[in-house]
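Me: I have a structure open and I want to know what stands behind the words people use for it. Can we go through them one at a time?

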Amino acid sequence: MNVLFIGGGNMATAIIGGLYRQPGTTISVVEHSEEKRDALAAKYGVTALSALPAALSADDVIVLAVKPQNLKAVCTELAPRLNGALLVSIAAGVDIATLSRWSGGTTRIVRVMPNTPALVGKGVSGLYAAADVAVADRNAAEAIMMAVGRVLWVGTESGIDDVIAVSGSGPAYVFHFVEALEAVGRDVGFDAETARQLALETFEGAIALLRDSGEPAGELKRKVMSKGGTTERAIASFEDDRVKEAIVRGALACRARAVEMSADFSRS
Ligand SMILES: NC(=O)C1=CN([C@@H]2O[C@H](COP(=O)(O)OP(=O)(O)OC[C@H]3O[C@@H](n4cnc5c(N)ncnc54)[C@H](OP(=O)(O)O)[C@@H]3O)[C@@H](O)[C@H]2O)C=CC1
Ligand SMILES: O=C(O)[C@@H]1CCC=N1
């Protein structure tokens with residue numbers, strides 16, 4: 001499979017970091033920044049280009065990995081040289097109908113919503129394709145994302161917005177929480193490295209326990225909360241501050257932004 005990434009930033013790097021180990025996959029990247037091109041070529045042995053190739057072929061898979069606001073320009077430039085290549089868009093907030101219109105009317109499009117843990121092979125991606133997209137094209141998009149983690153197909157395009165709210169943007173929510181836990185560690189007197197290790201081991205251990213035990217998070221939470229003890233006081237404070245509700249509101253605001261972006265781009 002020949003995979004051409006357009007945009008070699010955070011998310012493309014995360015996917016390439018897993019994909020480059022796959023036998024039978026040739027990876028090229030078109031990226032503006034010379035520094036990023038050099039880094040990608042040196043680290044992953046990919047072909048790094050400063051401009052789009054003159055012509056593509058129907059066997060190529062093009063991964064659109066630029067920011068949504070750069071996507072119209074990229075698609076417009078791609079349209080005359082696409083020659084039926086498959087488009088895989090990882091952009092948030094740009095619908096297939098809009099991508100198709102910008103790309104000269106092609107319908108060979110799969111939308112994917114990955115997340116950055118792809119870089120360490122622990123990504124999770126939501127995928128969506130319209131009913132008329134061939135099984136071979138779905139399989140190609142799925143194979144790319146399976147190289148960097150788990151995949152989940154959603155049955156409607158709005159399902160991609162649902163995936164963004166939970167797992168696409170989700171790593172940032174977790175990092176936000178880790179930042180707070182590290183800050184507590186430092187505030188009570190640990191050095192920065194110790195505070196970081198305590199926070200990370202706590203997250204890793206808690207996730208491992210969730211997976212291994214199969215018990216719901218609420219049940220495991222209750223097992224930490226000794227009656228009249230310390231955790232009970234912490235959780236009561238979180239509840240007073242409506243922390244859970246704030247996280248839900250934030251994730252729904254994330255989803256609403258994806259919907260808003262899709263509406264805006266559909267008019268451009
Ligand atoms: N980051 C994440 O966690 C996730 C991101 N996504 C999606 O992935 C896409 C990329 O996001 P992310 O990787 O974070 O963004 P980045 O800004 O890190 O990467 C995009 C890269 O593309 C370059 N670029 C812009 N226009 C062109 C062009 N015409 N040709 C070649 N290169 C170009 C940019 O260069 P320059 O900066 O010079 O413009 C930049 O290096 C977005 O659409 C986002 O919605 C999806 C899921 C998760
Ligand atoms: O913040 C964003 O718009 C992108 C999409 C999902 C994660 N990052």
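Me: What makes α6 and α11 neighbours that meet?
Reply: This is a predicted model. Two residues are in contact if their C-beta atoms lie within 7 Å. On the α6 side, Asp-161, Asp-162, Ile-164, Ala-165 and Val-166 pass that test. On the α11 side, the residues are Ala-251, Leu-252, Cys-254, Arg-255, Ala-258 and Val-259. So the two helices meet, by that definition.

Me: What classes of residue make up the contact of α6 with α11?
Reply: There are eight nonpolar residues, three charged and no polar ones. Ala, Val, Leu, Ile and Cys count as nonpolar, whereas Asp and Arg count as charged.

Me: How do you describe the packing of α6 and α11?
Reply: Two packed helices are described by an angle and a distance between their axes. Helix α6 covers residues 158-168, and helix α11 covers residues 243-266. Their angle is about 145°, and their axes are 8 Å apart. The crossing is right-handed.

Me: Which annotated region covers residues 157-261?
Reply: An unreviewed UniProt entry gives "domain: Pyrroline-5-carboxylate reductase dimerisation" for that stretch. The chain there is 85% helix and 0% strand. Its end C-alpha atoms are 14 Å apart.

Me: What does the record place at residues 3-93?
Reply: The unreviewed UniProt entry has "domain: Pyrroline-5-carboxylate reductase catalytic N-terminal" there. This stretch is 35% helix and 23% strand, with its end C-alpha atoms 23 Å apart.

Me: Where does the domain assignment draw its bounds?
Reply: Domain 1 runs over 2-154, and domain 2 over 170-257. Their centres, taken over C-alpha atoms, are separated by 34 Å.

Me: Why is the shell around ligand 2 said to have two nonpolar and two polar residues?
Reply: Its residues are Ala-92, Ile-164, Gly-168 and Ser-169. Ala and Ile count as nonpolar, and Gly counts as polar. Ser is in neither the nonpolar nor the charged list, so Ser counts as polar too. That gives two nonpolar, two polar and no charged residues.

Me: Which residues come nearest to ligand 1?
Reply: Gly-7, Gly-9, Met-11, Ala-91 and Ala-92 do, out of 27 around the ligand. By class, the shell has 14 nonpolar, 10 polar and three charged residues. Helix α3 (68-78) and helix α1 (10-19) each supply at least two of them. The largest share, four residues, is from α3.

Me: What makes the annotated "binding site" a cluster in space?
Reply: The unreviewed UniProt entry lists Ile-6, Gly-7, Gly-8, Gly-9, Asn-10, Met-11, Ala-65, Val-66, Lys-67 and Pro-68. They are spread over 63 residues of sequence, yet their largest C-alpha distance is 13.9 Å. Ile-6 belongs to strand β1, residues 2-6.

Terms used. Residues are numbered from 1 along each chain as its sequence is written. Chains are lettered from A and ligands numbered from 1 in the order in which they are written. This is a predicted model: local features need pLDDT of at least 70, side-chain atom pairs count only at pLDDT 80 or more; totals for chains, interfaces and linings use all residues. A residue is near a molecule or strand if its C-beta atom, placed from the backbone, lies within 6 Å of it. UniProt positions are given in the numbering used here, feature names are shortened, and annotations may be inferred rather than shown by experiment. Domain bounds come from an automatic or database domain assignment. Axes are lines fitted to C-alpha atoms, for helices over the stretch in contact, and angles run from 0 to 180 degrees between N-to-C directions. A crossing is left-handed if the near helix is turned anticlockwise from the far one by less than a right angle, and right-handed if clockwise.
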